[in-house]
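Trainee: Could you take me on a close look at one part of this model, starting at the surface and then following whatever seems worth following into the interior? I would like to see the reasoning behind each label you use.

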Amino acid sequence: LTPEDPVLLWRNYLTNPTSPQLSRIPPPPQQPVADIPLLSAICGVTLIVLICIAMRQWTAKRRSPRFVLSIAAAVLIVGLISWPVLKVSIADPFAQPPQLSETDVRPLLGSLLHNVYRAFDHHDESIIYDRLAQSVTGDLLSDVYLETRKSMELRNQGGMRISVKEVTVTDLASVQSDPEVYTFECRWRVSGWIGHWGHIHHRENEHLALITIADREGTWKITTLEMLDEQRVEPAAMQPSSQDRIGA
């Protein structure tokens, strides 16, 4: 723009913009449950007591146990009728604790990391924080918010933000595993576009970190993240794989 030519014209090709979508996080495996027919169980205990009373009356020969046996028959009928309908579900004490399948870990971590970066596609800080809270919890939430926001801003190159297009988990190794908390050494790549100083170019970074995930209120969330290594991947060395890729 110059004083002689102060008018700027442009055409908007994005006529139907959509909000960035988060990846669906599969629910944690649940403890197996056992269905206990509560009323039938009460009827069963009552039936045993009535049979014992009837046997004592029969042995003592003081009176006929017909009345007790008729009550026992009625209790038996009630127990049989209520067996399929009146049940209470409780955790199965004899079942093995649920475990996270190894085949599910890679796409799970990929989705969690994808959602962390995708949260920053928004400009409203409250929306960013709320979306980030869907994948990160605890004290790590504030740390990830500040660190990721800082890493995605190019303050020394015009202040432009990186547009993340793809997050790919490239390597994964289990470090600690128990029914509630899982820790992995995870390596992933983040690729996207950077616009600054009037042009756009591709950027890809590789990260290595210890990531701990846990079941928090029925949802997998990242609880701790310890960064071990971070480096830029040169374009000549980039070999993207379609396996376990979380696309834009």
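Mentor: Happy to, and let's begin with L86. Its relative accessibility is 44%, so it counts as partly exposed: the value falls between the 20% below which a residue is buried and the 50% above which it is exposed. Please keep in mind that this is a predicted model. L86 sits in the loop that runs between helix 2 (66-82) and strand 2.

L86 has company, too. Together with I36, L38, L39, I42, V78, V85, V88 and I90, L86 makes a nonpolar surface patch of about 720 Å². Two elements, helix 1 (38-60) and strand 2 (88-91), each give two or more residues to this patch. Helix 1 has the largest share, with three residues.

Now let's turn from that surface to a helix with much of its length covered. Helix 3 spans residues 102-118, which makes 17 residues. From first C-alpha to last it reaches 25 Å, close to the 24 Å expected at 1.5 Å a residue. Of those 17 residues, 12 are buried, so helix 3 is largely enclosed by the rest of the structure. If you colour the buried positions, you will find V105 and L108 among them, along with L109, G110, S111, L112, L113, H114, N115, V116, Y117 and R118. As background, an α-helix has 3.6 residues a turn, so residues three or four places apart point the same way.

Finally, have a look at the aromatic rings. The structure holds two aromatic pairs. In one of them, Y182 and F184 are stacked, with 6.4 Å from centre to centre and 5° between the planes; that angle is under the 30 degrees that stacking allows. Y182 is buried, at a relative accessible area of 2%, and F184 is buried as well, at 6%. In the other pair, the ring centres of Y182 and W220 are 5.7 Å apart and the planes meet at 75°, so this pair is edge-to-face. Y182 belongs to strand 5 (residues 181-196) and W220 to strand 7 (residues 219-232), so their contact ties together parts that lie 38 residues apart in sequence. Like Y182, W220 is buried. Put the pairs together and you have one aromatic cluster, formed by Y182, F184 and W220.

Terms used. Residues numbered from 1 in each chain as written. Predicted model: local features only at pLDDT ≥ 70, side-chain atom pairs only at ≥ 80, totals over all residues. Heavy atoms only, no water. Phe/Tyr/Trp six-rings, centres within 6.5 Å; stacked < 30°, edge-to-face > 60°. Buried < 20%, exposed > 50% of the residue type's maximum accessible area, 1.4 Å probe, protein only. Helix = DSSP H or I, 4+ residues; strand = E, 2+ residues; numbered from the N terminus. Expected span 1.5 Å × (residues − 1). Patch = residues over 30% accessible without salt bridge, like charges linked within 9 Å, V, L, I, M, F, W, Y side chains within 5 Å. Areas by Shrake-Rupley, 256 points an atom, 1.4 Å probe, with all protein chains shown as cover. Salt bridge = Lys/Arg side-chain N within 4 Å of Asp/Glu carboxyl O.
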